[in-house]
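Trainee: Please give me a close look at a single part of this predicted model, one that sits well inside the fold, and connect that part to what lies around it.

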Amino acid sequence: MTDAPEAAVSDDFHVFDTTLRDGAQREGINLTVADKLTLARHLDDYGVGFIEGGWPGANPRDTEFFQRARAELDLQHAQLVAFGATRKAGVRVEDDPQVAALLDSQAPVITLVAKSHLGHVELALRTTPEENLAMVRDTVAHLRSHGRRVFLDCEHFFDGYALDPAYAKQVVRTASDAGADVVVLCDTNGGMLPAQVSAVVRTVLADTGARLGIHAQDDTGCAVANTLAAVDAGATHVQCTANGYGERVGNSNLFPVVAALELKYGRQVLPPGKLTETTRISHAIAEVVNLTPSTHQPYVGVSAFAHKAGLHASAIKVDPDLYQHIDPALVGNTMRMLVSDMAGRASIELKGKELGIDLSDDRELVGRVVARVKERELAGYTYEAADASFELLLREEAGGKQLRYFTVESWRAIVEDRPDGTHANEATVKLWAKGERIVATAEGNGPVNALDRALRVALERIYPQLATMELVDYKVRILEGALGTGSITRVLVSTSDGRGEWSTVGVAENVIAASWQALDDAYAYGLLRAGVEPQD
C-alpha cells in the first residue's frame with residue numbers, strides 16, 4: 001500500500017466503497033484475503049475515492065488484509081480505509097486496543113462507527129448519553145492527532161433522529177467539532193424512504209453545519225433512491241457496495257449511484273474515462289465473489305438495454321434513444337435485440353443487422369422469419385437466450401437450405417445402473433460427413449456428456465476446429481403442461497471456443513433428444529463461426 005494517491009477528482013464529493021466490509025456481510029459471500037486484494041484492485045481501477053478494507057483487530061483476516069495491502073496494493077485512485085468503533089465506555093482512548101489496531105493498520109483514513117440512537121446508547125453500550133459523546137470526541141481527536149483522516153458513521157441515525165432529534169444532531173456536532181471530515185448518516189435498518197431522507201439530511205445540514213454523508217441499506221428497495229435524495233439535500237459523501245452486496249437484502253448499489261451522478265446530475269465523481277468501465281468492473285467483481293451477475297441490474301445487466309417487444313423495436317429502428325434512457329456505451333454495455341413470439345418485422349431486421357445480415361430490402365424473407373419464430377416459440381423454443389440457434393434459423397431462411405456440416409443417421413445414449421451403485425453412461429452416434437459414414441462411441445459422466453464426446457470422436461478428424469470448443473453451461477426447463485415426467489423439455493446449451501460463447505436451444509418430450517438438438521446447433525454454429533463452409 002503506497003502513500004495516498006493524488007486525487008483524480010475533487011475532494012468536494014466522495015465515492016466511498018464498502019464492498020470489502022459491508023458487502024462481505026451478504027449471505028453466501030466468503031472472501032479470502034486474496035479475494036479482498038483483488039476486489040480492491042478492481043475498485044481502484046474503477047476510480048472510487050475510498051475503499052473500506054475491513055476492521056483490523058476485530059478478526060485475523062482483516063488484520064492480515066491491511067498487512068498485505070501495505071506490500072501488495074499500489075492504489076492509483078483510491079485511499080484505503082480502516083473501519084472500527086469509538087473507544088469503549090470507561091476506557092481511556094490511549095488504552096483501547098481496538099483503537100490502537102486502527103492506527104497499526106497504517107490506513108490513511110479511518111471510519112469510526114458511533115451510536116446516535118439513545119436507545120442503543122443505553123441498551124447496547126450500557127452507558128450514558130454524555131459518555132457516548134465523550135467516546136466520539138476522544139476517539140476522533142486521538143486519531144486526528146496521529147495524522148489520520150476520520151469519517152464517522154452514525155449508526156441507526158434516522159431511527160435515532162426520530163426518537164430524539166436533538167441528541168442525534170449533538171452526536172453529529174461533536175464528531176465534526178472534534179475533527180471528523182465527514183459525518184455519515186446511516187439508515188442501518190434500511191427502513192427509510194427518499195422524502196424522509198431528504199428532509200432529515202437537509203435539516204441536519206442546516207442545524208449542524210457539518211459535512212454529511214449517506215449510508216443506505218436496501219430493505220425498502222430504496223437504497224439508491226435514498227442515496228440520491230441525500231445528495232439532493234446536500235450530502236457530499238456516498239457509501240455504496242458493488243452490485244448492492246450487503247447484509248439482508250443489501251446496500252446502496254455503487255454502479256447505479258455513480259452512473260446517476262455522472263449522467264443525470266452531470267457531476268464528475270470518477271476519473272475521466274472510467275465510467276465506461278462500469279459493466280466490466282461489475283461483472284469482474286461478481287466473478288470474484290462467485291455470484292452470477294444479475295442480468296436485470298440497472299446499467300450493467302445484460303438485459304439493461306435488451307428490447308423484446310415489436311413496438312419498441314419499431315421505434316428503436318428509427319432512433320435508439322426513443323426507448324433507452326442513455327447510450328449503453330457510456331457505461332460499457334450494449335443494446336441487444338431479443339427475438340421471441342413478440343417479435344415484429346423491426347425486431348427481426350434489427351437483430352439481423354446486429355448479426356451482420358441486411359434484411360431491410362427483403363420483406364418476404366422477414367415475414368417468413370417472423371412466422372417461423374412465432375411457430376417455434378409456440379412449440380416451446382426460445383430465442384432470447386439462444387442467439388446462435390436464431391442465427392442458424394435466419395441464415396437457413398435467407399439461403400433457402402439448412403446449414404449442415406453432417407447428417408445424422410441415428411444416435412443413442414445408455415445409462416447402466418451397476419450393482420455397486422455406480423452408473424455407466426455410453427453414447428453411440430452414426431452420421432455422414434463429407435461423404436463418409438462414421439460410427440463413434442464414447443463414455444461420459446452423464447448421457448449428454450457421453451453424446452457430446454461421441455460427437456467429437458466422430459467429427460474432430462474431419463473438422464479439427466471442434467477441438468477448441470467446449471460445453472460451458474447446460475440448463476433444463478420443464479415447460480408448462482400436465483404430462484408430468486412426459487412434459488415438453490427445453491434445453492439451453494452454452495459453448496465456448498476460447499474467444500467467445502454462444503447459446504443454442506433444443507425442445508422435445510425427451511430431455512436427451514432436446515439436448516441433442518441443442519448440441520447439433522452448437523457444433524453447427526461453432527463451425528460456421530470458425531469459417532468452415534457447410535456441406536452442399
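Mentor: In what follows, helices are DSSP runs of H or I with at least four residues, strands are DSSP runs of E with at least two, and they are numbered from the N terminus. On that basis the predicted protein has 17 helices and 16 strands. It comprises 536 residues, of which 53% are buried, and its C-alpha atoms fill a box of roughly 90 × 60 × 50 Å along the principal axes. Among contacts with a separation of 6 or more, 68% join residues 24 or more positions apart.

The part I propose to examine is strand β4, residues 109–115. Seven of its seven residues are buried, so the strand is largely enclosed by the rest of the structure. The cut-off behind this reasoning is a relative accessible area under 20%. Burial applies to each side of the strand: Val-109, Thr-111, Val-113 and Lys-115 point one way, Ile-110, Leu-112 and Ala-114 point the other way, and all of them are buried. The buried set thus includes Lys-115 as well as Val-109 and Ile-110.

The neighbours of β4 can be taken in turn. With strand β3, residues 79–85, β4 pairs in the parallel sense over five bridges. One of the contacts in this register is that of Phe-83, whose bridge partner in β4 is Thr-111. Helix α3, residues 97–104, joins β3 and β4 in a right-handed β-α-β unit. Phe-83 also takes part in a cation-ring arrangement: Arg-21 lies over the face of its ring, at 3.7 Å from the ring centre.

Strand β5, residues 149–155, also pairs with β4 in the parallel sense, here over seven bridges. In this pairing Lys-115 has Glu-155 of β5 as its bridge partner. Cys-154 has a relative accessible area of 0% and is therefore buried. Phe-151 belongs to a cluster in which ring pairs link it with Phe-16 and Phe-50.

The cysteines merit a short check. The criterion is a pair of sulfur atoms within 2.5 Å, and the count comes to zero disulfides. For Cys-154, the nearest cysteine sulfur is that of Cys-186, 6.9 Å away, and Cys-154 is in no disulfide. Cys-240 is likewise in no disulfide, with the sulfur of Cys-186 as its nearest at 12 Å. Cys-240 counts as buried because its relative accessibility is 0%.

The aromatic residues extend the picture beyond the strand. The whole structure contains 11 aromatic pairs. One of them is Tyr-46 with Phe-255, an edge-to-face pair at 5.4 Å centre to centre, with 65° between the planes. This pair links distant parts of the chain, since Tyr-46 lies in helix α1 (residues 33–46) and Phe-255 in helix α10 (residues 254–264), 209 residues apart. Tyr-46 has a relative accessible area of 0% and is therefore buried, and Phe-255 is buried at 0%. Phe-65 and Phe-66 form an edge-to-face pair, 5.2 Å centre to centre with 80° between the planes, and each of these two residues is buried. Phe-65 is also approached by a charge: the charged end of Lys-36 sits over its ring, 5.3 Å from the centre.

To return to the strand itself, β4 runs parallel to β3 and parallel to β5, and its seven residues are buried.

Key
Residues numbered from 1 in each chain as written. Predicted model: local features only at pLDDT ≥ 70, side-chain atom pairs only at ≥ 80, totals over all residues. Heavy atoms only, no water. Buried < 20%, exposed > 50% of the residue type's maximum accessible area, 1.4 Å probe, protein only. Pairing = 2+ DSSP bridges. Right-handed = clockwise from strand over helix to strand, strands pointing away. Phe/Tyr/Trp six-rings, centres within 6.5 Å; stacked < 30°, edge-to-face > 60°. Lys NZ or Arg CZ within 6 Å of the ring centre and 35° of its normal. Contact = heavy atoms within 4.5 Å.
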